[in-house]
Amino acid sequence: MEGWLTRIATNTCLNLIRTASRRPELVTAELSEDETEWLERKVTEGSSGHQHNVEDRVVAADLAERLLEGLSPEDRLALTMIDGEQASVSDVAEMTGWSESKVKVRAFRARKKAREALEKLLGRKSQ
Amino acid sequence: MRDNHITEMLDSKPFASLSETELATIRTHVAGCASCSQAYDAAQISALLIKERADEAVENSLNANPFFQTRVMAAWRERQEQSVSALRRLWNATGALVTTMAATTAALAVLTFVAPSSDTTSQTTAALVPYSAESVVLDQNDNDQVTDDQVLSAIYSDDDEGR
């Protein structure tokens, strides 16, 4: 029963995101001053560690949201659950009704897209 | 090397799940490859951003309004009622037509299946009656047949009477 409800909720949310999403590309020009500064700091300082500063956390969450907007709802779900919430591939498969290989492919693709989007930002920034 | 080695390692699993050996391999490669270095930075930042977002989502859910569940359930019930009323509206619009069609179908079914069966009963009763046309013509009783002698006597008796 719980699994069934979870699957329905997941699919409903995916449909909502699918209808609402525009998937714009994240470009440097759209970044706020805080976001640009945050990115620069992360590149120079290194990205390890939790954000203790509330402002930093807000900036990071906003940037993450914009980064995820560039992904398809399915890729976004896989990435958020596996990389963000440390869910296992089988958990995501059970929750979405996808096969485990599909979950892996989605997560791989999402990581690649997110990394490439950030690479573009970092490349443009350094130019 | 870059396209089919380091980036694939970076994308194959969550950054936090990379083992020490894998990280050492990546760092060694990154030291001599500028483009991979950028990919490594991007992967690290991407992992951090996603983790931050997930943590914030968890915190938000902990600080969520205690009436959240009540509101969700109320919204769900409202949606269900809407779907039920939509069905009712559909029935109001098409109910008469559907009923007429159902009645017509039932009448046709009666005419198709019940009426021919009454014909067969009449055939059955006809078959039970012993005096059918065939039985009259073909099943004539042997007792009714006249013998040759009787025929001859009947013919010649008239002649005899004439004389």
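These are my notebook entries on how chain A and chain B meet in a predicted model, with a closing look at one arginine.

**Entry 1, the two sides.** I began with the contacts between the chains, and I found that 21 residues of chain B are in contact with 26 residues of chain A. On chain B, I noted that helix H1 (2-12) and helix H3 (34-62) each supply at least two residues of the side that touches chain A, and that the largest share of this side, 17 residues, comes from H3(B). I then sorted the residues on this side of chain B by character, which gave 11 nonpolar, 4 polar and 6 charged.

**Entry 2, a pair of helices.** I next looked up how helix H4 (residues 73-84) of chain A packs with H3(B), and I wrote down an angle of about 85° with the axes 9 Å apart. Because angles of 65 to 115 degrees count as roughly perpendicular, H4(A) is roughly perpendicular to H3(B). Which residues meet where H4(A) packs with H3(B)? From H4(A) I listed Leu79(A), Thr80(A), Asp83(A) and Gly84(A), and from H3(B) I listed Ala47(B), Ile50(B), Lys51(B), Arg53(B) and Ala54(B). The residues of this contact divide into 4 nonpolar, 2 polar and 3 charged.

**Entry 3, one arginine.** Finally I turned to Arg66(A), which lies in helix H3 (residues 54-69) of chain A. I asked whether Arg66(A) is buried or exposed. Arg66(A) has 16 C-beta neighbours inside 10 Å, so it counts as partly exposed, since a buried residue needs 20 or more and an exposed one has 12 or fewer. I also noted that Arg66(A) and Leu31(A) are 35 residues apart in sequence, while their C-alpha atoms are 9.6 Å apart in space.

Methods:
Residues are numbered from 1 along each chain as its sequence is written. Chains are lettered from A and ligands numbered from 1 in the order in which they are written. This is a predicted model: local features need pLDDT of at least 70, side-chain atom pairs count only at pLDDT 80 or more; totals for chains, interfaces and linings use all residues. Two residues are in contact if their C-beta atoms, placed from the backbone, lie within 7 Å. Helices (H or I, at least four residues) and strands (E, at least two) are DSSP runs, numbered from the N terminus. Ala, Val, Leu, Ile, Met, Phe, Trp, Tyr, Cys and Pro count as nonpolar, Asp, Glu, Lys and Arg as charged, and the others, Gly among them, as polar. Axes are lines fitted to C-alpha atoms, for helices over the stretch in contact, and angles run from 0 to 180 degrees between N-to-C directions. Angles under 35 degrees count as roughly parallel, over 145 as roughly antiparallel, 65 to 115 as roughly perpendicular and the rest as oblique.
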